[in-house]
Amino acid sequence: LEWCVSVPKVELHAHLNGSVRNSTLFELARVLGDKGVIVFSDVENVILKDDRTLHEVFKLFDLIHILTTDHSTVTRITKEVIEDFAAENVVYLELRTTPKRNDSIGMSKRSYMDAVMEGLRAVSSVDVDYSPAGLKTNTFNGSMRKKMYVRFLLSIDRRESTEAAMETVKLALEMRDLGVVGIDLSGNPIVGNWSTFLPALKFAKEQGLYITLHCGEVPNQEEIKAMIDFLPHRIGHACCFDEENWRKLKSAKIPVEICLTSNIRTETISSIDIHHFVDLYKVKHPLVLCTDDSGVFSTSLSREYNLASSSFGLGKTEMFQLAEIAVNFIFADDGVKADLRATFEEAVKKLN
Ligand code: 5GP
């Protein structure tokens with residue numbers, strides 16, 4: 001595991017509210033428990049539970065959102081999550097989150113995202129480059145600290161309407177200078193219809209935003225086919241594909257974000273030795289290892305690399321290549337890619 005920590009890594013599939021530390025969730029739950037808003041012991045049991053079906057995971061997210069969704073908490077968790085990824089040598093992070101509107105506390109999707117940005121600017125353990133033009137960093141004068149790139153993806157929740165999805169896309173366009181590079185479609189896969197989100201996703205793509213979709217978490221082959229036909233820039237999971245959709249995906253060469261622990265914990269894949277990573281890796285299909293929800297699934301990106309190495313018999317050379325190749329699939333410009341490749345070249349000298 002130590003070696004996996006020391007390798008520079010690229011994280012492309014991490015949900016903000018799924019990556020919150022358990023200790024922070026407990027602290028927040030205690031405060032709301034004391035106020036009588038929730039019952040602390042109930043929350044404790046839910047948070048500590050290890051294996052959850054996909055359905056139960058979404059119930060947990062509803063609970064997490066009760067704990068985290070106010071401006072100052074959103075700022076706090078963003079800072080912590082970015083610092084946690086930095087601490088395990090993530091050199092490029094694409095963090096995704098669903099902008100939330102909550103009229104009762106005066107929260108709009110924009111003010112939610114402003115709170116996220118404030119959290120990013122509060123990061124103190126590393127220098128963060130978050131602007132596409134490389135102009136905006138939180139660098140202090142003359143600092144020699146580690147540097148990390150952070151970009152944002154705004155998620156559309158499958159519970160949302162076409163109008164709400166469109167609002168998120170417009171917000172993403174508004175926030176491009178602040179490091180928002182794309183749109184994600186996520187949320188409970190048995191809720192909502194592809195046709196509801198398509199107009200907003202089409203518009204986003206036309207406007208030059210990158211698109212990644214949660215695809216194939218349940219065996220809805222018709223939706224999977226429609227999603228591949230849309231040609232997103234990446235997809236997440238790809239667990240329940242039939243033969244025909246595998247063929248389509250492979251010929252379209254759409255990169256897949258692989259979340260091993262998440263797939264096993266939610267029982268989307270019954271056992272790691274039959275995980276589709278094996279086949280995709282063998283045919284050299286573009287793929288990248290990711291955490292999904294490091295808090296909810298008690299994992300880290302280093303652990304995901306370690307798990308892939310031990311489960312699929314990959315040595316250090318293969319693991320390093322897997323980490324390095326992820327640079328090809330990031331939603332940032334060529335300058336960032338070149339800089340990251342240089343980081344990997346430096347690292348390989350030190351690790352050998
Ligand atoms: P947030 O967007 O609130 O920062 O992060 C949590 C949200 O991400 C969840 O409410 C859910 O919409 C989405 N999410 C997190 N993990 C998963 C997953 O494994 N599958 C899907 N489809 N959505 C997820």
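This report describes the fold of one chain, several of its helices, a few individual residues and the surroundings of its ligand, as seen in a predicted model.

## Overall fold

The secondary structure of the chain consists of 15 helices and nine strands. Along the principal axes, the C-alpha atoms occupy a box of roughly 55 × 55 × 40 Å. The radius of gyration of the chain is 19 Å, which agrees with the value near 20 Å that a compact globule of 352 residues would have.

Buried residues account for 42% of the 352 residues. Among the contacts with a separation of 6 or more, 69% join residues that stand 24 or more positions apart.

## Surroundings of the ligand

The ligand is surrounded by 17 residues, of which Leu16, Asn17, Phe61, Thr97 and Thr98 come nearest. By character, the shell divides into three nonpolar, 10 polar and four charged residues.

Phenylalanine 61, one of the residues that come nearest to the ligand, belongs to helix 4. It has 20 C-beta neighbours inside 10 Å; because 20 or more are required for a residue to be buried, phenylalanine 61 counts as buried. Its C-alpha atom lies 9.5 Å from that of glycine 187, although the two residues are 126 residues apart along the chain.

## Helix 2 and its neighbours

Helix 2 covers residues 22-34, a total of 13 residues. From its first C-alpha to its last it reaches 18 Å, close to the 18 Å expected at 1.5 Å a residue. Its buried residues are Leu25, Leu28 and Ala29. Viewed down the helix axis, the buried residues of helix 2 fall within an arc of 100°, so they line one face of the helix. Exposed residues are found on the other side of helix 2, namely Ser23, Glu27 and Asp34.

Which helices pack against the buried residues of helix 2? The partners are helix 3 (40-48), helix 4 (54-68) and helix 5. Helix 4 is also the helix that holds phenylalanine 61. After helix 2 comes glycine 36, which has a positive phi, near 80°.

## Helix 5

Helix 5, one of the elements against which the buried residues of helix 2 pack, runs over residues 71-87. Its 17 residues should span 24 Å at 1.5 Å a residue, and the distance of 25 Å between its end C-alpha atoms agrees with this.

The buried residues in helix 5 are Val74, Arg76, Ile77, Thr78, Val81, Ile82, Phe85 and Ala86. Just after the helix, asparagine 89 adopts a positive phi of about 70°.

## Helix 7

Helix 7 comprises the 13 residues 162-174. The distance from its first C-alpha to its last is 18 Å, close to the 18 Å expected at 1.5 Å a residue. Ala165, Thr168, Val169 and Ala172 are its buried residues. These residues cover an arc of only 100° around the axis, which puts them on the same side of helix 7. Glu163 and Glu174 are exposed on the other side of helix 7.

The cover over the buried residues of helix 7 includes helix 6 (109-121) and helix 8 (194-206). Strand 4 (147-157) and strand 5 (180-186) also take part in that cover.

## Strand 7 and the loop after it

Isoleucine 235 is placed in strand 7. This residue is buried, with 24 other C-beta atoms within 10 Å. Leaving aside residues up to four places away in sequence, isoleucine 235 touches Thr212, Leu213, Cys215, Met227, Ile254 and Val256. Its C-alpha atom is separated by 9.7 Å from that of leucine 249, which is 14 residues apart from it along the chain.

Alanine 238 lies in the loop between strand 7 (234-237) and helix 10 (243-252). Although alanine 238 is not a glycine, it has a positive phi of about 55°. Is alanine 238 buried or exposed? Alanine 238 is buried, with 26 other C-beta atoms within 10 Å.

## Aspartate 292

Another positive phi in a residue other than glycine occurs at aspartate 292, where the angle is near 75°. Aspartate 292 is located in the loop between strand 9 (287-289) and helix 13 (301-312). Within 10 Å there are 27 other C-beta atoms, and aspartate 292 is buried.

Conventions: Residues numbered from 1 in each chain as written. Predicted model: local features only at pLDDT ≥ 70, side-chain atom pairs only at ≥ 80, totals over all residues. Near = placed C-beta within 6 Å. Nonpolar A, V, L, I, M, F, W, Y, C, P; charged D, E, K, R; others polar. Helix = DSSP H or I, 4+ residues; strand = E, 2+ residues; numbered from the N terminus. Rg over C-alpha atoms; globule rule 2.2 N^0.38 Å. Buried ≥ 20, exposed ≤ 12 C-beta atoms within 10 Å, placed from the backbone. Contact = placed C-beta atoms within 7 Å. Expected span 1.5 Å × (residues − 1). Arc of directions from axis to C-beta.
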